[in-house]
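Subject: A structure for you to look at

Hi there,

I am passing a structure on to you, as promised. Have a look at it first, and then read on for my notes.

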Amino acid sequence: MSFIVNFLISAVIIGWAVWQLVKVIQKSKKGKCAACDYKCEAKKLAVEAKKKAL
Amino acid sequence: MTTIALFGNPNTGKTTLFNRLTDSYAYMGNWSGVTVEKKVGMIKNTNFAIVDLPGIYSLNPLTKDEAIATNFLLTEDQDIIVDVANASQLKRNLLLSIELLEFGKPTVIALNMIDSLRNMGISYNRQVLETAFDCKVMMTNARGNKGTQQLKQELLAEDPRLPATHFSLTYPSSVQQAIKQAVRGLTQNYNVSSQYAKWLAIQFMNANDAVVSFVKQHNLRPLLEQAPYYQAQHFDDKIYQTRLNYIETTLKEARETGSNPHTRDITAKIDRVVTHPLLGLPIFLGIFFLMFKLTFDWFGTPLSDLLDAFVSGPLSTTVNHWLIAAGALPFLRSLIVDGLITGVGGVLVFIPQIFTLFACISLLEDSGYMARAALVMDKLMSKVGLNGKAFIPLIIGFGCNVPGIMAARTIEQPKERLITTLISPYMSCSARLPIYSLFVAAFFAKNQALIVLSLYVLGIVVALVLAKIYQKVLHSENESVFMIELPEYHLPQPTIILRGTWDKGKGFIHKAGTVIFAGTVLIWLLSYFGPSGVVSNISNSFTALIGHSMVPLFAPIGLASWQAISAMLTGILAKETIGATLMVLYHTSGQTALVASLAHLFTPLAAYSFLVFILLYIPCFATIAVIKAETGSWKWALYTIISSLVIAYLVSFLIFQGGLLLGLH
């Protein structure tokens, strides 16, 4: 595995972690629990219904 | 798009019906206060949207979530109204039905839980009810999925021909005259239909807060000018009485005695024991003890140990070998094996415990016991100026504090609501379970369930003591009365238990890939690097520096390990990260090895003090933010952070120092 590949994989892992950290903080500000992010069926349908209504 | 609005009293099986109709799943529980905000779902392969609104007893809102339902009628479009009524509580349920029928939209009344009524040996003649209320009446049993498909077909087939209801109740002549006058004024000057004008007038006369605000906002003068007259004439009482009389007469006419009048009232028999003034509380604690026994001793932990053996053994070794073979540099290898597999994997091995506990909670919810638990706690809660209703958000907080705090919206009194919000974070949420599990396995192997139960009870005690103090400081009077409907006991259904468990538990798995992942990488980076760059000894890392600087502060509560202190800091991100951090910092390959390392660093007394601190200290980010959102002020969020830190320190200090004085170690 070349240095570049090592570097890229590490960057992806750390980048994902930083992005998640930012997301958690942003979401927390909105008063949402980190556990409530999963796109459950009802939520998806609600978004679709909203779009259709527009 | 056709919109169907689901209305109904709390605990009529509305959410279950919603799930049956939409083929989707929304959280349901056999107790009041589960639907806090409205949910929207679609009937598969159609353009029918169904809106599940919070349960209400009348359109006159008493609480924030009840206002959601009334405002939905006032401000949003709905094509069909489905009113879900508890068939065995029709007298009260139909009061809401009348208000909805007067709105004039095509309405279907679903008499839900019809089986419970039949078990009581009672049935109602559908045709009599349909004629009396001028709408379609359907018999359903959403739990058993009976009648729900017929209801769905009815809704789909009739649209758009489902006729608007022309239900009109004859009120006393003075009220009728006033309605007539108001309708004339509204239709002539404000471009509203006569049906809507009539509904507005009746609701206004009935002193519906949401409608009064709406009328004031739109300056509907025909109503505003007459308001003093309506009040002086006690129109609201007259309207209520007319409705009640109508319902009683109709039910008398529609009632048919079923074939089995001699039903065994099992529910009453069980209730005599579980809600007994003296036995109720010990039974409640006993049930929780059993839950922890299952979680930690009998089922969860043994499975978790197997999973841990796999993650720390074959998985870790195989990935490490594979990375070496692939030519991965030590940095990447350490990040993946020592960081991710150890940290994230270390938390994921607790899945069996978390899911066992959630399955137990789902089982209690579905059986109908939770409402009894709230009733049992009512007596205790009333001593601190709250009532049983405040116990519902607290018990939801055992799963996660965030929805717990949001459920506090069901409390009418603002001060009681604030107090409940402030004490909710002391409820031991499920995110704290992994760290409890680690420490009880290390120090209290023989009494795991008892120690965890003691932490849960301590959380409740601290919350109640604080509630008492807040009651004195905020001068909160216990004015509200606690009323909860005790649903009949159900034999829990496996599909509902499975879905409930999965719904609660999937958040934990999701967090492993997001916030726990992020926390683990962060702590790994801070422990891999130090002020001088890459460190060979973790004691020179940034994490060690931060942890060491705080050791003197935590020594009085028995904490001498910088690793534990650093772990607590990451716990603010999410409580599950505490366990992941400890795994990374102790460089252990798995739970068993960590348990062995911990035994050298803590005494059992210090370990208990640490667990108490974890239980009570600063809540996670999400909880802090939701406190801000619900109280509408950063002041309370900041107050929560500071007060919880002080309380956690004080209680841990008392336990540790007190324990030392008593000769414990």
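Below is what I found, going from the chains down to single residues.

Please keep in mind throughout that this is a predicted model.

**The two chains**

Let me start with chain A, which has 54 residues, 19% of them buried. Chain A holds two helices and zero strands. The unreviewed UniProt entry annotates residues 6–22 of chain A as a "transmembrane region". In the model, that span is 100% helix and 0% strand, and its end C-alpha atoms are 24 Å apart.

Chain B runs to 665 residues, and 52% of them count as buried. Its secondary structure comprises 32 helices and ten strands. If you take the contacts in chain B with a separation of 6 or more, 73% of them join residues that are 24 or more positions apart.

**The nonpolar cores**

Which residues have the most contacts inside the largest nonpolar core? They are Val452(B) and Leu611(B), in a core of 131 residues. The element that gives the most to this core is helix α23 of chain B (residues 448–474), which supplies eleven residues. Another core, of 71 residues, lies apart from it; Ala110(B), Ala142(B), Leu200(B) and Val215(B) are among its members.

Back to Leu611(B) for a moment: once neighbours within four places in sequence are left aside, Leu611(B) is in contact with Tyr436(B), Phe439(B) and Leu455(B).

**Helix packing around α28(B)**

Two packed helices are described by the angle between their axes and the distance between those axes. Here are two pairs that involve α28(B), in case you want to bring them up in your viewer.

The first partner is helix α27 of chain B (residues 562–570), whose axis comes within 8 Å of that of helix α28 of chain B (residues 577–585), at a crossing angle of roughly 145°. The crossing of α27(B) with α28(B) is right-handed. On the α27(B) side, the contact is made by Gln563(B), Ser566(B), Ala567(B), Met568(B) and Thr570(B), and α28(B) brings Thr577(B), Ile578(B), Thr581(B), Leu582(B) and Leu585(B). By type, the residues of this contact are five nonpolar, five polar and no charged.

The second partner is helix α16 of chain B (residues 330–348), which packs with α28(B) at an angle of about 140°, the axes being 8 Å apart. This crossing of α16(B) with α28(B) is right-handed. From α16(B), the contact uses Asp338(B), Gly339(B), Thr342(B), Gly343(B), Val344(B), Gly346(B) and Val347(B); from α28(B), it uses Gly579(B), Ala580(B), Met583(B) and Val584(B). The residues of the contact of α16(B) with α28(B) divide into five nonpolar, five polar and one charged.

**Two positive phi values**

Most residues other than glycine have a negative phi. Two residues of chain B are worth a look with that in mind.

- Asp134(B) has a positive phi, near 50°, and is not a glycine. It sits in the loop between α5 (126–133) and β7 (136–139) of chain B. Asp134(B) counts as partly exposed because it has 14 C-beta neighbours inside 10 Å.
- His234(B), also not a glycine, has a positive phi of about 50°. Its place is the loop between α11 (227–232) and α12 (235–254) of chain B. His234(B) has 12 C-beta neighbours inside 10 Å, so it counts as exposed.

**Two residues and their surroundings**

Is Phe358(B) buried or exposed? Phe358(B) is buried, because 23 C-beta neighbours lie inside 10 Å, where the cut-off for buried is 20 or more. Phe358(B) belongs to helix α17 of chain B (residues 351–367). Leaving aside neighbours within four places in sequence, Phe358(B) is in contact with Thr501(B), Lys504(B) and Gly505(B). Phe358(B) and Ile497(B) are 139 residues apart in sequence, with their C-alpha atoms 9.0 Å apart in space.

Arg92(B) is found in helix α3 of chain B (residues 90–103). With 15 other C-beta atoms within 10 Å, Arg92(B) is partly exposed. Arg92(B) and Asn9(B) are 83 residues apart in sequence, and the C-alpha to C-alpha distance between them is 8.6 Å.

Happy browsing, and best wishes!

Methods: Residues numbered from 1 in each chain as written. Chains lettered and ligands numbered in written order. Predicted model: local features only at pLDDT ≥ 70, side-chain atom pairs only at ≥ 80, totals over all residues. Helix = DSSP H or I, 4+ residues; strand = E, 2+ residues; numbered from the N terminus. Contact = placed C-beta atoms within 7 Å. UniProt positions renumbered as here; feature names shortened; annotations may be inferred. Axes fitted to C-alpha atoms, helices over the stretch in contact; angles between N-to-C directions. Left-handed = near helix turned anticlockwise from the far one by under 90°. Nonpolar A, V, L, I, M, F, W, Y, C, P; charged D, E, K, R; others polar. Core = buried A, V, L, I, M, F, W, Y, C linked by C-beta atoms within 7 Å.
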